Every structure is written in structure tokens, then in C-alpha cells.
Amino acid sequence: MAITGRIWRVSGPVVIADDMRGSQVYEVVDVGEQRLTGEIIALEGDKAVIQVYEDTVGLRVGEPVVGTGEILMVELGPGMVGNIYDGVQRSLITMMDDIGDFLTRGARTHALDREKKWHFTPTVKAGDVVEEGDIIGTVPETGLIEHKVMVPIGLQGTIRNISEGDFTVEETIAILDHKGKESPLKLMQRWPARKPRIYKQRFFPEDLLVTGTRIIDYLFPLALGGKAAIPGGFGTGKTVNLQQMARWSQTHLNIYVGCGERGNEMADVLYSFKKLRDPATDRLLQEKEIFIANTSNMPVVAREISIYLGITMAEYFRDMGYDVLLVADSTSRWAEAMREIGARLEETPGEEGFPTYLGSRLASFYERSGRVTCMGRPERMGSATVIGSVSPPGADFSEPVTQSTLRIIDALYSLDVALANRRHFPTISWLQSYSMYADSVDKWWNRISKDYTDVRNRTLIILQNEADLEEIVRLVGPEALPEDDKLLLLVARMIREDFLMQSAYHPVDTYSPPERSHKMLSTIIRFYDVAKEMAESGMLVSEIAQSKLIPRISRMKDIPHDQIDDYVNSLRTDMDKGLIAEEGGI
Amino acid sequence: MDSVQLFTRQTKAISIAHRSLLIIESIPGIRYNEIVDVQLGTGETRTGQVIEVGKKTTVVQVFGGVSEVDLQNSRVQYKGETLKLPVSPDILGRIFDGSGTPIDGGPPIVAEDYLDINGVPANPASRMPPAEFIETGISAIDGLNVLVRGQKLPIFSGSGLPHNKIAAQILRQAALRGKAEDFAIVFAAIGVSYDDAAYFISNLEETGALSRAIGFINTASSPVIERLSTPRLALTAAEYLAWEQDMHVLVILTDITNYCDALRELAAMRGEIPSRRGYPGYMYTDLASMYERAGRIAGREGSVTILPILTMPDDDITHPIADLTGYITEGQIVLSRGLERKRIYPPIDVFLSLSRMMKEGIGEGNTREDHNNVFMQSYAVYAEGNYLREISTVIGSEALSDRDKVYLSAADRFERTFISQAEHERRSVEETLGIAWNIFSMLHKEDLKLIQEEYIKKYLPEPS
Ligand SMILES: Nc1ncnc2c1ncn2[C@@H]1O[C@H](COP(=O)(O)OP(=O)(O)OP(=O)(O)O)[C@@H](O)[C@H]1O
Ligand SMILES: [Mg+2]
């Protein structure tokens, strides 16, 4: 019997109901006559403290609050890929058909379509003994994702009936018999939203997650299963960077969580993913993407849960043996949602009003990333990589959300307002960013080129030297520097403008595969070596700067992927001929 | 919500009146956030809102404060409704106060409908990305920080800077290229001086646009609480015109700083724990609930474009009002005191300014094929020149190389010919791009790294 209580108090998104004895913490309840979705977050005597996932305007004391007996669950099964969900996993596409263009309250939809039939092909047969996590069959969900149907965690036994056919997510595809107790298996399973999914063993990430963004892949590489953050003031490029990663990353599946951000931005992502194609497979990007959109004008409490929804989905696909990337924009809005709920509960606040558990919540979110061996058979590895943006007030990184995040993550892409002002994109600071994965993915890179480590190190040193020289230039001017410093500044500038700068909107340059990135950077470094020799033999840097090779180097970005090899080869050949001198005439 | 009240819901059981709050014994049926009338013993009536409702007590915030409220004679009348705006096509050409009452001497609005001033969030999946270029005729905007339909693009200003002039110029000049369509202007004056409000209205009158405009006026002397409702009334009117009447609506909200200060004042009266500089922790969400009402909806003709204006206290762009706005809007037009001192109008700081919706609105079919390249190259040139200007203040410009000197004068020319223009000058986007190309002609062709060669051939004038 469902527990029915009454509204006792309403304050913002927090409702207190009485007569709720027998409910459980995190139970989902229907609040008020409009049946708004809420979740119990505390119990005191017969009173339940409820956070409501929809606007509470108009609620009255005495309206009913009905328990569902269930905690908040995520529906997992075919039909998620390509879908768009709000924070509580209502399909926004279905809502558009059901209630129109505006999100009126109390609407309900299933996360997974109940009518659609999926073609299921078993990979086990009747009589097979299976355990939790075992793959028992597959469903072609999209052209890019083969959905692996797994025995839900907590179940095991002997397969009784199983057969190939077309099923809805709720129809029984197999019967599992455990010591006489029969459980029907379905394409859909459910998992508590706030609870991490289990795995066998965890490994340190060591394979490059190819993002196609040069400064990331080459200088501050991210690894499959890693955790990273992008802090930056407004307009520095957090969203564009995350969108770029969600577009081009060479993963199996990406999850884009828009948490408390802009509606127009979400529209832009949704439209572009319907048109753009994955470079490796040439399939539409939306075939490998799940969207979660809880924009800043949607209810704050749903922002809080949307992050857990996203990471639970990521873990579920990880458990199939896939490499999954989750990007969350912005974790600061998530933290603010916690702050707002905390204030309504009259909790004692920590720094800047954030709840004292801010750090542990952030940590437990990022900790759900990882490269693991999955539960069940066949043996397989999967990974979930997590990248969160951070929006520090006033671009001041000393604030609590940035600081708590820095303690957790292993790669930092620190965005620089000064670079944004001069439109150097991406604005990832080469002086402040870092990646702890650099050493472990070194092996991966060395399969592309043995020079990688050397080129990377030299580049970082050149950029650091440039920064040091910059202070001197401001005092004495660039002309007063010795020749070798002038050359260094010239090359550093080439690295910045011709390699690090990468427009997300350039038709070719938007995605730079690792081989291409390596060709580009090693060409610049090679130019440095040749130019150094020239300088040593007496040529002035002002003459070197006139070299026709320089504009050719800066055009590398425009060269289509299939022509870049030839282009760079001829550039190198000319460079080795020492053309700097001959063609360098003023 | 019940439309008919069968019994009056009023009470005299006020137990505490403190700051702007009344604590009242609850009566059945009170709705969270509903509006109340507070009738004072003096006969005066004030508006209030239920900000917390419990079984035993209800908390009401009184707009205008609790002075003269006495616990014996004052009465609270619950209205059962949130604040609503009566709408009909007749609202065009009308002027209202911050409670939605006409103040232009005209007749009351015969309502077709009553709309909740808080609006309803658009389904993100129903939105259409803004992409239509609005030509404002101002080079610093059209060339480098393009405004598109459905965008929210604020002006970050400082006291004494000509933000009103610029906003009025945009209102006067803004048009879609080659199209005359149904458009409307909604203007919300929030706590501004009477003169500022009058400036906009007379501007609209002069251009004959007043019949296509709606004003909501809350001047500095109007009730503070209505600073919160004024922009919401304006946005509700805008949404009505856009989504129900298929119009393209440009909304001016000025001054958001007054709005935020009112928000802070009321939060403090409730005894809330403040966040940065005393502003409430939910200010981001609160501002977003307004700014996010801009946009386009797939399958609907109209659009809502919002131009909020704010004055940055102390010219500080990291101040929470500017900062949180920048975190929500799709870019910002930032005015610079430095340029103003150089007598450059409009004094738009193009480095701090940004339009995030630009890429969809420019290029072939929208503006011109070379627009994106010109945009990027302009920034590169101006940034370089600006940097050299900085170091030359220490080392003197003689110490620069010849190449560097060219950049230095390019930056000057950029400010004097590109950014600067007359208040009544309307430049086409071709003229704007042409000015940029003239500046590029000062440089070596090889330095135009960010422009495709075919455009250089096509558009670069011979060096003068
Ligand atoms: N890689 C890039 N290539 C080209 N332009 C970029 C790139 N990154 C950012 N930009 C430009 O910078 C603008 C701001 O970027 P973005 O919207 O990602 O900022 P943000 O950090 O997410 O800001 P906010 O915190 O306000 O959401 C973009 O609209 C775009 O014009
Ligand atoms: Mg962003």
C-alpha cells in the first residue's frame, strides 16, 4: 500500500509532508494534486523532507503526497542513444509530442519507449549457467552502438527459455532459474540513480583518449577512464571545448550533460549532432550520443540529479565493454543546486555558502570514472572518462568548487581569459594546464612516432622560455634581445599560432587526428633546428622571419586530411634543402 | 489554478511584522507564491507574496515594507493567483508601470488571456538555434560581435558611458538584411531615472516606432519590489507577441544592476545567507529565469531577442552582476572608459566583447563569405597592435621594428575608422568589412594568416 501523507510546509523546492511514517529516504513521491515528482531526502518522525523536481508554485498545505515505494531509478536499455533527457530522465522528445514546446508541470513520460520493438539476438542458450553481468545477447541500437544485454547485477542461474526475436523493453526475453526461483529477464533493467555500478577491478588509464584537439592530445593528453576538469571564466570556451570532445572523441559513446546552462546552446548541440559525422565511421554523431539537458531555467533540483543520471548511464555502457566519455557542463551549476537545497534545509553552510559535503560529492562523482574489467562474461574491459567544466565566479580559481575539483582530477585544462580576449582558441593555458596521464600514454604515442616524447618536451620548454622572455621584452622591447632569444620567440609564436590555435569552426582543422598533430608540430620543431643552424652561420632572425616557409607552415591547418602527408613532405624536403636562405629574399 | 473563489480568503491573524515579512496564522488553501493584498489600518493596500506556507504559519513578503502595519487592524487577503499580465494585440503601443497598470492615459487592456509573468521554460528540444543576422549598422557589432535573432546579448557599461545612446541607435537601425517583417520592441525601465526612460520613449516616438513598442516603466522613485516584476512583465509581453502573434521582438531591459540590487535588498530583508558581495546565492538562477526567455522555437515564426543593459559597479567586470550575466547570456558588448576618453563613439571594447551566436549568423548567405576570416584577422591585428602599444609605453615606439610599427598604426586606425562611427551613421555589413580590408592593406600579405588566399585575391585593396 502506497503511503499517503499531506503537505505540511512549502518553501521553494523543498516540501515537508506529514503522515509519512513508513517511507524511506530517497523514495520517490508524487507531490500535490498535480503529482509533481519529488524525492525524500530526510525523515523526521512522521515527517518527510522532500525535494521537488518541478516548480512548486501554487502548492497548498494539505494536498496529498503519495509514496511510490521505490527509490529514484534510472531506466537502462535500448533507446537511450540519440535521446534527450531532462534531469529526471524524462524524454524531452516525447514531452514535445505530449505537451508541446513548453515544459508545463506534472508531465510524465517513460525514459524508454514502451512500444518500440528491438531485435534481440541471444549469445547464450537455454541450459547455460549465467551470473551477474554476463552478456546474454545483443540488440543493434544504432548504426554505431550494439547494445549488450546483460544479466542484471544481483541475479544468476540457469537460462530456461531464450530466443531470437523482436521485443519491447518490457517483454520477457529469457527466464532465469536460480534454485527453482524464476526471474524474467528483459531488455530493460533499472539501477538506483545515486549508486555507483560495480565492476571487478580497476586499472590506471593508459590509452590515449583521442579528442582531436591538438593541445589536449599532444601536450596534456587525456586517457580512457581518466578524470579531468576545465575551469574558466565566462566566455573562455568551456562549452565549445566540451562540445568538441563530445563530437570528435574516438570513444564508443559520449554523454553530454548540460547542467544549468543555456537552452540555445543545447539546441545548437542537438542540431549539429544530427548533421555531423564521426570521422572514423562516417556515421551520424547522434548515433553515439546521449543528451541530458537541464537548462538554467529548468528546476534547480533536477540539476542536482542530472549528473547522477549521466554517470549511471556511462557506467552501464562501460559495463558492456565500451569506452564512454561523459562531459558535464557545468559542475558549478550542480554545486549551486546543492547550495540552494542546503540553504532551504537550513544546513550549516561551509565556504561561500556551499554545503560542507561539496568536496565529497564532487569526489564521488569523479571517482565513478575509470578503466575497469567488467562484471560477468565474456571477459572485457570498459572505461568511463569524465570531464567537468567549472565556472568560477569572477574567473577566480581560489573559490571552493574549483579548489575541491583540483584535489580530485588528474588532468586540468585551465582556460585563460587573456587568451579569450585576443581570440586565441582554444584558450587552454599551456603554462597552467597539466595531465598526470602524460607518462602513461607515452607508450601509446610512441606507436605513432618515436619522436613524440622529444617533440613534446621541447615544445613545453620553448613555451616556458617564451613566457620568461616575455617579462624582459616588456622592459627592453623585442629588438634588444640577443638573436637566439629572438629566434625562440619566433618559433614560440609559430607553435602558438600554427599549432595550438585551432578553431572549432574550421571545416578541416576542427578535428586533428594524432598523426596530423604530430606532423604539424614536428615540422615546426624541425624548422627551429634548421633556422638555428642558419642563425649560427650568421643569418639574422629578421631575415629568417621573411622565409617563405613560414606562411607555408601556417597553411598546414587548411590542408585536408588526405593531402596533409604530401604537403608536409614537400615542406620538409624544401626545408632540408635549406631553402630558408635562398627563398628568404626580402 | 481555481479561477473562481467561492469564499473570501482573508485573515487578520498577523502575529509578527518584521522587516518586510509578515508571519501569519495559516488558513486553509493558501498556495505557495500566491499574491496577497495587505490592507492597512490606514486604508492603504499593499501587495505581498507568500514565500513560505506551513500548516501553522504562513510567511508573506510585503512589497513596500511593513511600516504602518499594525497587528490589530491590518488584514491579509489571499488572491489565489500568481502575478499575471493581461494580454491582447492591443498592448502594442501602450505604456505600463511595474505592476502592469497602464500609465499612458489610455483605456485598460481588454484581455484575451492572463499570462503568468514567470513564464514556462521552453523545452530545449523544441528550440531552434538562433542564426539570423540582425544588421545593427554598427561596425564593432556587425563585424566582430554579431547579434542574431533569438540571442540574449547584454551591454556591460559603466556610469556615465553612452549605453543608452548605443541601445537607442540599435533600436533605430536594427533590421534584417533585405527583409521587412513584423517586429516589435518591448522596453523595460528598471529603477532608472525618469530622464533615461523618457529618452527611450521619445526616441521611439521620433522614429515612429512607438506604435510597435510596449513600455514597462519602473523609475527610481517607483516601488523597489516592482523592479523584480517589471522585466518579467516585459518578457511575458514579448513572449506573447513572439509565440502567439508571430512577431520578432527585441526586448531592452535597463538597468539590470538596479534589478539585482532590489533582489539583494529583498533577500536581506528575509534574513537569507548572502553569497558574493551580499547578493543571494540563487542570483544566477534568478537571472537565468529571465534571460533564458530569449530564443526561437522550431515551427514558430516569431523570436525573442534580449538586450539587457547593466552598469558595472566600479567598471568591474568580475562584479557578480556582470559576471553572472556573462555566464548566462550569449556574449556581451562591453563599453570602455579608455575609448570614451579618446572620444571614440561607440566606445566598444572589442576584446572584452563577444557574441557566441556569431558563427551561425555570418558567412555566405547571411553576410558575406569572408566575414569569419575578416573577424579573426581583425582580432589578431588589433591584439598585436594593442600589445605593442602597451610595451611601447615603456620602451618607446622607436625601439620597435618596422613591422611592429605598422601594427601599431593599424591598431590606431582600427579604433579611429572601424570602431568609431557617428551616432546616426548606419553602415552596411559590406561597408564594415571594407573598412577592415583597408586596414589589412597596411600589412604584408603573408601576415594575413587567418584569411583564405582566394579572399585575399578578391577583397584586398592595393596598398595605399
Ligand atoms: N575552440 C574554439 N574555436 C573557435 N572559437 C571558440 C573556441 N572556443 C571558444 N570559442 C569562442 O568563444 C566563445 C565562448 O565559448 P564558450 O561558450 O564555450 O564559453 P564558456 O566558457 O562555456 O562560457 P560560459 O561559462 O559563459 O558558458 C564561443 O562562442 C566561440 O565564439
Ligand atoms: Mg558554457
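**Exercise 1. A sheet in chain B**

Determine how strands β11 and β12 of chain B pair, and over how many bridges.

*Solution.* Step 1: in this predicted model, strand β11 (residues 133-135) of chain B and β12(B) are joined by 2 bridges, and their sense is antiparallel. Step 2: for the register, B:F133 stands opposite B:V148 in β12(B). Step 3: the pair belongs to an open sheet of 3 strands, ordered β12-β11-β14 (chain B), with antiparallel pairing. Step 4: β12 (147-148) and β14 (175-176) of chain B are the edge strands, since each pairs on one side only.

**Exercise 2. Pairing across the chains**

Identify which strand of chain A is joined to β5(B), and state the direction in which the two run.

*Solution.* Step 1: the partner is strand β1 (residues 4-11) of chain A. Step 2: 2 bridges join β1 of chain A to β5(B), and the strands run antiparallel. Step 3: a facing pair fixes the register, with A:R9 opposite B:G54 in β5(B).

**Exercise 3. The interface between chain B and chain A**

Describe the extent of the contact between the chains and the residues that chain B contributes to it.

*Solution.* Step 1: chain B supplies 83 residues to the contact and chain A supplies 76 residues. Step 2: about 6700 Å² is buried between chain B and chain A, and carbon and sulfur atoms give 53% of this area. Step 3: on the chain B side, the residues that lose the most area to chain A are B:Y32, B:Y327 and B:K449, together 12% of what that side buries.

Step 4: the polar terms follow. There are 10 salt bridges between chain B and chain A, and 40 residue pairs in polar contact, both at pLDDT 80 or more. One salt bridge is formed by the side chains of B:K449 and A:E497, at 3.1 Å from N to O; B:K449 was also listed in the preceding step for its lost area.

Step 5: the elements of chain B that give two or more residues to this side include β5 (45-54), α7 (320-328), α10 (371-395) and α11 (402-419). The most residues come from α10(B), which gives 9. Step 6: by class, the side of chain B that touches chain A holds 41 nonpolar, 20 polar and 22 charged residues.

**Exercise 4. Overall form of chain A**

Decide how the radius of gyration of chain A stands against the globule rule.

*Solution.* Step 1: the secondary structure of chain A consists of 17 helices and 26 strands. Step 2: for 586 residues the globule rule gives 25 Å, and the radius of gyration of chain A is 27 Å, which is close to it; chain A is therefore as compact as a globular protein of that length. Step 3: along the principal axes, the C-alpha atoms of chain A fill a box of roughly 90 × 55 × 40 Å.

**Exercise 5. Backbone exceptions in chain B**

Locate the cis peptide bond from B:T254 to B:D255 and the residue B:E68 with positive phi, together with further cases of each kind.

*Solution.* Step 1: the expectation is that most residues other than glycine have a negative phi, and most peptide bonds are trans. Step 2: the bond from B:T254 to B:D255 is cis, with omega near 10°, and B:D255 lies in the loop between β17 (248-254) and α5 (256-269) of chain B. Step 3: the bond from B:Y345 to B:P346 is likewise cis, with omega near -10°; B:P346 is in the loop between α8 (337-341) and β20 (354-355) of chain B.

Step 4: B:E68, although not a glycine, has a positive phi of about 75°, and lies in the loop between β6 (57-62) and β7 (75-78) of chain B. Step 5: B:R277, also not a glycine, has a positive phi of about 45°, and lies in the loop between α5 and α6 of chain B.

Definitions and conventions. Residues are numbered from 1 along each chain as its sequence is written. Chains are lettered from A and ligands numbered from 1 in the order in which they are written. This is a predicted model: local features need pLDDT of at least 70, side-chain atom pairs count only at pLDDT 80 or more; totals for chains, interfaces and linings use all residues. Side-chain values use heavy atoms; hydrogens and water are left out. Contact means heavy atoms within 4.5 Å. Buried area is the accessible area (1.4 Å probe) that two parts lose on being put together, summed over both. A salt bridge is a side-chain nitrogen of Lys or Arg within 4 Å of a carboxyl oxygen of Asp or Glu. A polar contact is a pair of N or O atoms within 3.5 Å; within protein, one must be able to donate a hydrogen and the other to accept it, and residues adjacent in sequence count only if both atoms are side-chain atoms. Helices (H or I, at least four residues) and strands (E, at least two) are DSSP runs, numbered from the N terminus. Ala, Val, Leu, Ile, Met, Phe, Trp, Tyr, Cys and Pro count as nonpolar, Asp, Glu, Lys and Arg as charged, and the others, Gly among them, as polar. Two strands pair if DSSP finds at least two bridges between them. The radius of gyration is taken over C-alpha atoms; the globule rule is 2.2 Å times the number of residues to the power 0.38.
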